[in-house]
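Thanks, everyone. Please have a look at the next slide, and then I will go through the ligand site and a pair of helices.

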Amino acid sequence: MIACLGRIVQDTDADSIPDDDVSTLSESLDLQGTIESGGITGVAGKDFGGLYSVKPLALIKPSGTEDIARVVKAASQTSHLTVAARGNGHSINGQAMADGGFVIDMRSTEENHFKPLTIDGSHYIDVSGGALWEDVLRRCVSMFRLAPRSWTDYLSLTVGGTLSNAGVSGQAFRFGPQTSNVTELEVVTGKGEITVCSATQNSELFFGALGGLGQLGIITRARVKLQPAPDMVRWLRVVYTEFEEFTRDAEFLVTQEEGESFDYVEGFVFSNSDDPINGWPSVPLDPDHEFNPAYIPQTASSVLYCLEVALHYRNSDRPSTVDTAVSRLLERLGFIQRLKFQLNVSYVEFLLRVKQVEEHAKANGNWDSPHPWLNIFISKSSIVDFDRTVFRKMLKDGVGGPMLIYPLLRSKWNSRTSVVLPEGEIFYIVALLRFVPKGPTVEKLVAQNHEIIKWCNKEGLDFKLYLPHYQSKEDWKRHFGNQWTRFVERKTSFDPMAILAPGQKIFKRTHTIKP
Ligand code: FAD
């Protein structure tokens, strides 16, 4: 098998494999799944960001964990082959790519492992690392009336892909990121070993793989905590002119006990203009809602702030009970009273809300345009400075898409995972979700992202990139800070030849060939 792989790789000079060789390789790897020649036009060489493309050697569609282990083992027997797990390819900067290496299409395993469990009275679901969160949601709700507790805003992302980063949304203030809501993983390490791990069994691998940017292993199964699924959601947006009032209210809500706050808290910045994408029209939840700018105080600046919250309820609850609970919470907040928008939607509809945006963007061609996104975690101590310079000046006309900002609590994140956070209990996620047409603007916007990061560094802001992307080892060292040594030790233990997730550009494949 190895001889065959070596010949193919040499013959093709690490380019995509000719079709004849694909079947030979498939046989020699003894795969239950299938293998396709890579190629720059193929899905394996692209991602949602649309900023990078590379030529993989081949795209593997495994039938399960054993296939994945075989591919990693085979790569480990060569001097230079790498392996990238590809979730749904929703990375921005080529993180799920493998230049001249194997890309594993995790979606081909999405049906595997789906199994509910009850342990000590608590409910869990075992799911494939290649499952889409939207499918986990639909199946759990329709079959068991249960649902995971912590989400991302958009659910066409894979379980393994978000767990390799963190997975955050408006529920994370209460339950922590998705990485805080799994209790067991099955992982294929960079040595091709299949290992089950948890907080008590192979714990270094378990915590290391969570937020581990795919560096320590390929997550093939995850055990996800569940809770009873509500039927309905009261979804609200309220508008602020002052950043200090917006952050005070958001921080108030995320620090209240369960039952004393909303179930979901997010927010965004928007331009004080009639721009259809970046301005007032981006606020209403329904085409019937009207945003009347006459209600905006004269003192308002170039940007405004919108707090987005949601409260769960059951069909059996009386509408008046929901109204009372919402009014009681809103009474404590200092938004512009006449700029309040609300809607009742089913719980599943609420969680799938970005799907509608996707369909709309696909219809007008924006979904496939480049997305030079920037995601940053910024500590509470630095967020006012960030607003003053970045939102109010650099980005006052918007970014051609949402500019999210909402607070999270460090105590809900496990410090043993590989995720890197700023200091302090309260920090904000800022997400600049740019949708831009192809062309020179893309470079300008990438440059603007760099300018923002440069400014944060220059001003000494306490921040870390989320979904980080760096080109040099020095930058990665700085990113991990005092967690770098631990991360390198974990890499040495679980992927000593740096075979996995080469698109993150953290470690270089070493040439050590196993005896
Ligand atoms: P990919 O992009 O395919 O992979 C990401 C990285 O993980 C790669 O390095 C890959 O090699 C590795 N990887 C993939 N699968 C596995 C696996 N099974 N085991 C180990 N490593 C693996 N993130 C949030 O936290 N919150 C949000 O609300 C949110 N919203 C988003 C909305 C949109 C429209 C998009 C495009 C992205 C959003 N993200 C959000 C970012 C998302 O979490 C990342 O893109 C993440 O990478 C998941 O995408 P994916 O499943 O397509 O993984």
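A backbone N or O atom of Ala85 sits 2.7 Å from an oxygen atom of the ligand. Keep in mind that this is a predicted model. Two side chains also come into it. In Ser91, a side-chain N or O atom lies 2.6 Å from an oxygen atom of the ligand. For Tyr466, the distance from a side-chain N or O atom to a ligand oxygen atom is 2.6 Å. The ligand taken alone exposes 950 Å², and the protein buries 95% of that area.

Now the surroundings. There are 33 residues around the ligand, and those that come nearest are Ala85, Gly87, Ser91, Asp153 and Tyr466. What is the make-up of this shell in nonpolar, polar and charged residues? The polar ones number 17, the nonpolar ones 14, and two residues are charged. As for where the shell comes from, at least two of its residues are supplied by each of β3 (83–86), α5 (159–163) and β10 (217–228).

On to the helices. Helix α8 covers residues 243–254 and helix α12 covers residues 380–394; the two pack at an angle of about 140°, and their axes are 11 Å apart. Because of that angle, α8 counts as oblique to α12. The crossing in which α8 passes α12 is right-handed.

Technical notes: Residues numbered from 1 in each chain as written. Predicted model: local features only at pLDDT ≥ 70, side-chain atom pairs only at ≥ 80, totals over all residues. Heavy atoms only, no water. Near = heavy atom within 4 Å. Polar contact = N/O pair within 3.5 Å; in protein donor to acceptor, adjacent residues only side chain to side chain. Areas by Shrake-Rupley, 256 points an atom, 1.4 Å probe, with all protein chains shown as cover. Helix = DSSP H or I, 4+ residues; strand = E, 2+ residues; numbered from the N terminus. Nonpolar A, V, L, I, M, F, W, Y, C, P; charged D, E, K, R; others polar. Axes fitted to C-alpha atoms, helices over the stretch in contact; angles between N-to-C directions. Parallel < 35°, antiparallel > 145°, perpendicular 65-115°, else oblique. Left-handed = near helix turned anticlockwise from the far one by under 90°.
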